[in-house]
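Reader: Hey, got a minute to walk me through this one? I'd like to go over the fold and some side chains.

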Amino acid sequence: MDLINTFQEIYGVSKNPIQRFFSPGRINLIGEHIDYNGGYVLPVAINLGINGLMNLRDDNLICLKSLDFPNEIKVDLNKEVDYRKEDGWGNYAKGVIKFLLEDGFPLKGCNILIKGELPNGAGLSSSAALEVLIGFMLLSQNQSAEEIDRTYLALLGQRVENKFIGVNSGIMDQFVISNAKKDQALLLDTQSLTYEYIPCHLDGYSLIIMNTNKRRELASSQYNQRRKECESALEKINQVRKTRAHNLCQCSVKDLEFLDNEIELKRARHVITENQRVIQASKLLKNNDIEGFGALLIQSHNSLKNDYEVTGFELDTIVEEALKIKGCVGARMTGAGFGGCAIALVEKNQIKNFKDQVSKNYYEKTKIEPSLYETTIEDGVKILKK
């Protein structure tokens with residue numbers, strides 16, 4: 001599809017130039033359900049994402065249209081920006097506009113066209129990619145790409161989720177989409193927002209995204225439940241611990257003995273051990289130990305399945321089937337769980353066989369056709385050159 005032509009068909013031909021942008025989706029290599037527990041995560045940006053086109057208008061309207069949804073959004077920069085349920089996807093953009101105006105950024109009227117490549121409900125972070133994309137596009141009206149504060153951009157996206165949409169999400173998704181680099185994973189301390197780039201060349205291997213095509217119906221309610229269980233576990237540990245921990249990731253496995261509630265014990269055990277796996281994974285990737293890294297992915301999935309209980313039949317099935325195939329050295333769910341996607345680390349010369357076998361075996365057990373994508377590790381949000 002020629003997006004420039006489509007843009008001109010929708011908004012007309014103008015003397016104002018059209019700029020093109022791309023905001024990637026993300027996968028978290030390891031460190032799941034950690035970002036709201038104050039520990040380390042290890043996400044990467046991927047080659048699937050959201051395209052955005054923009055040109056300036058001669059009035060104070062921001063007009064937004066997506067090729068993936070029927071509704072069009074218009075925001076008058078001189079009027080209050082409010083959440084409206086019927087605006088659907090447009091509320092993510094409206095939240096960005098509202099907070100940029102509140103923060104004193106001088107926005108100009110513009111036309112925006114969005115085209116996504118990320119499957120909705122798959123857990124590849126389409127909402128964070130959209131927030132960061134809109135923020136980056138609007139900030140680029142008055143700043144160069146190099147001048148835009150990437151940490152501000154990430155926090156802006158999180159603010160939209162928390163304060164405008166009403167989802168109590170962590171910072172990881174927006175942070176990696178804002179800051180990612182090609183062939184690098186981002187080791188992010190979610191407490192301090194300090195980060196380090198970890199080389200992630202995966203020599204001889206590819207990352208395969210395995211979409212279960214089971215939408216994540218339970219994710220938001222169960223997500224809030226898990227947060228409460230973790231907060232309760234931390235509170236109980238701190239009643240006994242000599243020095244107060246600010247978050248669960250500051251606790252050790254030894255602190256688990258202070259928990260007598262079986263559910264809270266399991267949740268805390270996942271968080272503490274998963275945080276340790278992230279640190280170990282970073283070391284293994286620096287040493288290019290791909291098989292050792294793959295083994296940690298398997299440990300992570302088992303912990304998410306047995307201790308955190310956020311996988312479900314489809315995710316467990318696709319991971320189990322992946323691990324049976326020759327050349328797959330590791331696999332696990334990624335994202336919030338209860339459907340969505342898993343990732344697998346597969347030898348490049350085995351990819352065709354891997355995709356064929358996993359698709360066939362997964363369908364036999366679930367009666368759902370999965371979608372498998374070979375992916376590459378890419379830069380964060382950016383302006384596309386002509």
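Author: Sure, we can take a sheet, then the rings, then the cysteines.

Author: One thing up front: this is a predicted model.

Reader: Fine. Which order do the strands take in the open sheet with 4 strands?

Author: The order is 10-11-9-12, and the pairing is antiparallel. Strand 10 (328-334) and strand 12 (371-375) are the edge strands, each pairing on one side only. From one strand to the next, the twist averages 25 degrees.

Reader: How many bridges join strand 9 to strand 11?

Author: There are 7 of them, between residues 205-211 of strand 9 and residues 341-347 of strand 11. To pick out a couple of positions, L207 has L345 as its bridge partner, and S206 stands opposite V346.

Reader: And what about strand 10 and strand 11, how many bridges there?

Author: Those two pair over 6 bridges, in the antiparallel sense. V346 turns up again here, as the bridge partner of C328. Strand 10 and strand 11 make a hairpin with 6 residues between them. In the turn, G335 has a positive phi of about 95 degrees.

Reader: Is strand 11 mostly covered or mostly open?

Author: Mostly covered: 6 of its 7 residues are buried.

Reader: Which helix lies across strand 9, strand 10 and strand 11?

Author: That's helix 9, residues 313-324. Its direction is at about 170 degrees to that of strand 10.

Reader: OK, switching to rings. How many aromatic pairs are there?

Author: The count is 9. One of them is F69 with W89: the ring centres are 6.4 Å apart and the planes sit at 15 degrees.

Reader: Why does that pair count as stacked?

Author: Planes under 30 degrees apart count as stacked, and the F69 and W89 planes are at 15 degrees, so they qualify.

Reader: Where do F69 and W89 lie along the chain?

Author: F69 is in the loop between strand 4 (61-66) and strand 5 (72-76), while W89 is in the loop between strand 5 and helix 2 (90-102). The pair therefore ties together parts that are 20 residues apart in sequence.

Reader: Buried or exposed, those two?

Author: F69 is partly exposed, with a relative accessible area of 32%. W89 is buried, at 8%.

Reader: Got another pair to show me?

Author: F99 and F164 pair edge-to-face, 6.4 Å centre to centre with 80 degrees between the planes. This pair links distant parts of the chain: F99 is in helix 2 and F164 in helix 4 (residues 150-165), 65 residues apart. Both F99 and F164 are buried. Ring pairs also bring in Y83, so that Y83, F99 and F164 are linked into a cluster.

Reader: What lies over the face of Y363?

Author: K367 does, at 5.7 Å from the ring centre.

Reader: Last topic, cysteines. How many disulfides does the structure hold?

Author: It holds 0 disulfides. Take C63: the nearest cysteine sulfur is that of C110, 8.1 Å away.

Reader: Why doesn't that work as a disulfide?

Author: A disulfide needs the sulfur atoms within 2.5 Å, and C63 has its nearest cysteine sulfur at 8.1 Å. C63 is also buried, with a relative accessible area of 2%.

Reader: And which cysteine sulfur is nearest to C251?

Author: That of C249, 8.4 Å away, and C251 is in no disulfide. C251 is buried, with a relative accessible area of 5%.

Terms used
Residues are numbered from 1 along each chain as its sequence is written. This is a predicted model: local features need pLDDT of at least 70, side-chain atom pairs count only at pLDDT 80 or more; totals for chains, interfaces and linings use all residues. Side-chain values use heavy atoms; hydrogens and water are left out. Two strands pair if DSSP finds at least two bridges between them. Axes are lines fitted to C-alpha atoms, for helices over the stretch in contact, and angles run from 0 to 180 degrees between N-to-C directions. Contact means heavy atoms within 4.5 Å. Rings of Phe, Tyr and Trp (its six-membered ring) pair if their centres lie within 6.5 Å; planes under 30 degrees apart count as stacked, over 60 as edge-to-face and the rest as tilted. Buried means under 20% relative accessible area, exposed over 50%, partly exposed in between (1.4 Å probe, protein chains only). A charge sits over a ring if NZ of Lys or CZ of Arg is within 6 Å of the ring centre and within 35 degrees of the ring normal.
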